[in-house]
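Dear colleague,

I am passing on the structure below, together with some notes on what turned up when going through it. Please have the structure open beside this message while you read.

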Amino acid sequence: MAKSTIKHIGVIGTGSWATALVKVLTENEYTINWYFHKPTTVNKIKQSKCNPKYLSDITLRTEKINFYTQLDEFICRSDVLLFAIPSAFFLKVFSSSICLKEKILVSAVKGILPEYNQTVSEYFVKTLNISEKNIVIISGPSHAEEVANKKETYLTFSSRHNVTAQNIGQLFQTDYIHIHFSDDVKGAEYAAVLKNVFAIGIGIAYGLGYGDNFIAILLSRAAKEMHAFLQALHLSERDFLSASYLGDLVVTAYSKHSRNRRLGYYIGQYGDVEKALSKMKMVAEGYYNAKSIHLKNKELSVSLKFAEKVFLILFHAKSPEQTFMEIEKFLN
């Protein structure tokens, strides 16, 4: 599908990342379709020209947006479908019974679907029999807040079909968004999953009062585990130091915008996962990702000591303080 034939871009997702991407597309003069489950939210956006729940200080060009509340109609009227919803809720929003074979499917989802323990592209290919050439993955480092405020950002568009990746990437290119391309779909998706898990762990360390010296060693360990996992998953000559791998890990671990780091910080502060979750206003994908990576690694048997410790804190009520004393020992 050449860029010129892409006339109807549909966005599924109403959170901060979806809102930021809608802003980019409409400011690039594309008219987009945007699906909402609740008609009341549509009315509020039309009236205020902003998303009242996410990035509410950002003005949206509503004259460039066609709003839909019927999913079947929305999909029928879209050539490209951009998914920007938390992985844990993906199948609650999206119905697999709808025919997608003629669509270009773009995933900005940074997680694994827990019902299948598959990434979005794996779900499309293995479960829905969608051709790999019709799938594109968007990866960062890319906090929605910075994209919406036109901060310098570098996005990677990954696909097994280079022309498809280029056609989609060009839709988002601006003077502040710089685009790169890759064919490492598995690597891009699983790196985005793992970095969220590690960011929670690093947040816990901050919440417990550890300093930058320790955090640096912890991040080095996270990078080592991520690289080993990606190579075991799909052996490749990928440049692990590039933006969509190490770059995305670093920004998610350190940034004030990182909801995964924030969740970890609350866990370290309170010593209680449920209380930490109750403090969160947005979904931290790493919470769900930790269990998914634990299950996936049963197939791969990679040494993921740090990721496994995060999993134990999140799902087996292990003491954050005691667990990090154990982490100190294996980092020596």
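Glu29 sits in the loop that runs between helix H1 (16-27) and strand S2 (32-35), and in this predicted model its phi is positive, about 75°, although Glu29 is not a glycine. Most residues other than glycine have a negative phi. With a relative accessibility of 49%, Glu29 counts as partly exposed, because the exposed class begins only over 50%.

A second residue with a positive phi, Ser301, is found in the loop between helix H13 (285-300) and H14. Its phi is near 55°, again in a residue other than glycine, and since its relative accessibility is 60%, Ser301 counts as exposed. Helix H14 (residues 305-315), on the other side of that loop, is where confidence is highest in the chain, at a mean pLDDT of 98, whereas confidence is lowest in helix H4 (residues 90-93), at 85.

A positive phi, near 60°, also belongs to Asn129, the residue named as following helix H5. Within H5 itself, which covers residues 120-127, the buried residues are Val120, Ser121, Glu122, Tyr123 and Phe124.

The peptide bond between Gly140 and Pro141 deserves a look of its own, as the two residues are joined in the cis form, with omega about 15°. Most peptide bonds are trans. Pro141 is placed in the loop between strand S8 (135-139) and helix H6 (144-148).

Turning to the chain as a whole, there are 15 helices and 10 strands in it. Its radius of gyration is 19 Å, close to the 20 Å that the globule rule gives for 332 residues, so the chain is as compact as a globular protein of that length. The C-alpha trace spans about 55 × 40 × 40 Å along its principal axes, and 56% of the 332 residues count as buried. Among the contacts with a separation of 6 or more, 70% are made by residues 24 or more positions apart.

As for the surface, the chain exposes about 14,500 Å², of which carbon and sulfur atoms supply 49%. The chain carries 39 positive and 31 negative charges, and the mean positions of these two sets are 4 Å apart.

How far does the predictor trust its own model, taken as an average pLDDT over the chain? The average is 94, and 97% of the residues score at least 70.

With best wishes

Note on methods. Residues are numbered from 1 along each chain as its sequence is written. This is a predicted model: local features need pLDDT of at least 70, side-chain atom pairs count only at pLDDT 80 or more; totals for chains, interfaces and linings use all residues. Side-chain values use heavy atoms; hydrogens and water are left out. Helices (H or I, at least four residues) and strands (E, at least two) are DSSP runs, numbered from the N terminus. The radius of gyration is taken over C-alpha atoms; the globule rule is 2.2 Å times the number of residues to the power 0.38. Buried means under 20% relative accessible area, exposed over 50%, partly exposed in between (1.4 Å probe, protein chains only). Contact means heavy atoms within 4.5 Å. Accessible areas come from the Shrake-Rupley method with a 1.4 Å probe; for residues, only the protein chains shown count as cover. Lys and Arg count as positive and Asp and Glu as negative; His and the chain ends are not counted. The place of a charge is taken as NZ of Lys, CZ of Arg, CG of Asp or CD of Glu. pLDDT is the predictor's confidence in each residue, from 0 to 100.
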